[in-house]
Amino acid sequence: ATTRRVYHEKQVMALCGVHALNALLQAPIFNEVDLSEIARSLDKRERDLMAQGGLTTPEFLNFVAEDSQNVSNDGNFSVSVLCEALQVYNLQAVRWSSGQGEPNTLNAFICNRQQHWFTVRRLGAGRWYDLNSLRARPERISDFYLSAFLHQMVAEGYTIFAVEGALPQADPSAGAAESGRWWSEEEIEADKQSEAAEGGDGFSDALAKTLATMQGVLAGAGSRVQSALGMGAGDAGGEEEDDPELRAALQASLEEFKAAKGERREGGW
């Protein structure tokens, strides 16, 4: 029998939207330039719509003076950009709440809080995976605990989107992005055992590394996004700096994860 493999990308700068889409599609389909081009197209559509009311109205002038609402300089993308990207594959992201029925009747979810996105997807019968790019590897979620997991995400302030449509099958022949890897079940388990033996915590370790390297490296993603948007260095508003909102969001995620870690381990997540 063919060994099932699961595709996962680790966090690079603020590109969790890219990672979430590729984890959902189980192949390295999108990069920051692709999504920046979608953002630019959305910006143009919104600008054309606003212009219909007049080019000299306060509303239009305020709109064109503001930064893009679809992408930030460090590569964080809006829900509109992710939804537009999904339409290429005839997929839709629809707001989901626990009152809408059992989540294990669906195939995938995209979770968002502030500036972080991640995917939870079914791969095989009853095999769900948390594909958060802040984790060191895919994390298995049992069919039984899926509902409790999503409830916990909502309690932590995440907005959950159910993905509707026929998802593509995992395709290891597509290769992997620089931050991506295909994992077998055996490799996932071996990595967990190794981490436990070392007293490590993949989620916390990955998050800590993101925090530690954030200052300065965001300029790299920012320059690629700005290039895709047609912005020169002079348009970027000066020297790139650490994003305090993103740092605060990631730090909050780390603290919440640590607080809930013992409880989740007992539940078998």
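# Exercises on a predicted model

R113 counts as buried, at 9% relative accessibility. The exercises below start from this residue, and they concern a predicted model.

**Exercise 1. Place R113 in the fold, and find how far E156 is from R113 in sequence and in space.**

Solution. Begin with the secondary structure: R113 lies in strand β3. Next, compare the two separations, which are 43 residues along the sequence and 8.5 Å from C-alpha to C-alpha between R113 and E156. Finally, return to accessibility, where the value of 9% puts R113 among the buried residues, because the cut-off for buried is under 20%.

**Exercise 2. Q26 and Q114 are both glutamines with a positive phi; determine where each one lies and whether each is buried or exposed.**

Solution. Start with the general expectation, which is that most residues other than glycine have a negative phi. Against this background, Q26 has a positive phi of about 55° although it is not a glycine, and Q114, likewise not a glycine, has a positive phi of about 50°.

Then locate the two residues. Q26 sits in the loop that connects α1 (16-25) with α2 (32-51), while Q114 belongs to the loop between β3 (108-113) and β4 (116-122).

The last step is accessibility. Q26 has a relative accessible area of 0% and is therefore buried, whereas Q114, at 57% relative accessibility, counts as exposed.

**Exercise 3. Which residues of helices α4 and α5 are buried, and how are they arranged around each helix axis?**

Solution. Take helix α4 (residues 79-87) to begin with: its buried residues include V81, L82, A85 and L86. They cover an arc of only 135° around the axis, and this places them on the same side of α4.

Repeat the reading for helix α5 (residues 146-155), where L146, F149, L150 and M153 are buried. Viewed along the axis of α5, the buried residues fall within an arc of 95°, so they line one face of the helix.

The spacing can be related to helix geometry: an α-helix has 3.6 residues a turn, so residues three or four places apart point the same way. As a last detail, note that α5 is followed by G157, whose phi is positive, near 100°.

**Exercise 4. Describe the aromatic pair formed by Y7 and W182, and state which parts of the chain it links.**

Solution. Two values are needed at the outset, since a pair of aromatic rings is described by the distance of the centres and the angle of the planes. The structure holds seven aromatic pairs. One of them joins Y7 and W182, with 5.0 Å from centre to centre and 45° between the planes, and this pair is tilted. It links distant parts of the chain, with Y7 in strand β1 (residues 5-9) and W182 in strand β8 (residues 180-184), 175 residues apart. Both Y7 and W182 are buried.

Other aromatic residues complete the picture: W96, F109 and W128 form one aromatic cluster, and R181 lies over the face of W183, at 3.6 Å from the ring centre.

**Exercise 5. Work out the surroundings of S179, beginning with its loop and ending with its contacts.**

Solution. S179 is in the loop between β7 (159-164) and β8. Its relative accessibility is 19%, and it therefore counts as buried. In space, the C-alpha atoms of S179 and P28 are 9.8 Å apart, although 151 residues separate the two in sequence. When neighbours within four places in sequence are left aside, S179 is in contact with H8, E9, K10, V12 and H19.

**Exercise 6. Decide which segments call for caution, and set them against the averages for the protein.**

Solution. First take the averages: the mean pLDDT is 78, and 63% of the residues score at least 70. Then turn to the segments in which pLDDT stays under 50, among them residues 232-241, with seven contacts beyond four places in sequence, and residues 264-269, for which the model has 12 such contacts. The conclusion follows from a general point, namely that where pLDDT is low, the predicted coordinates should not be read in detail.

Note on methods. Residues are numbered from 1 along each chain as its sequence is written. This is a predicted model: local features need pLDDT of at least 70, side-chain atom pairs count only at pLDDT 80 or more; totals for chains, interfaces and linings use all residues. Side-chain values use heavy atoms; hydrogens and water are left out. Rings of Phe, Tyr and Trp (its six-membered ring) pair if their centres lie within 6.5 Å; planes under 30 degrees apart count as stacked, over 60 as edge-to-face and the rest as tilted. Helices (H or I, at least four residues) and strands (E, at least two) are DSSP runs, numbered from the N terminus. Buried means under 20% relative accessible area, exposed over 50%, partly exposed in between (1.4 Å probe, protein chains only). A charge sits over a ring if NZ of Lys or CZ of Arg is within 6 Å of the ring centre and within 35 degrees of the ring normal. The arc is that of the directions from the helix axis to the C-beta atoms. pLDDT is the predictor's confidence in each residue, from 0 to 100. Contact means heavy atoms within 4.5 Å.
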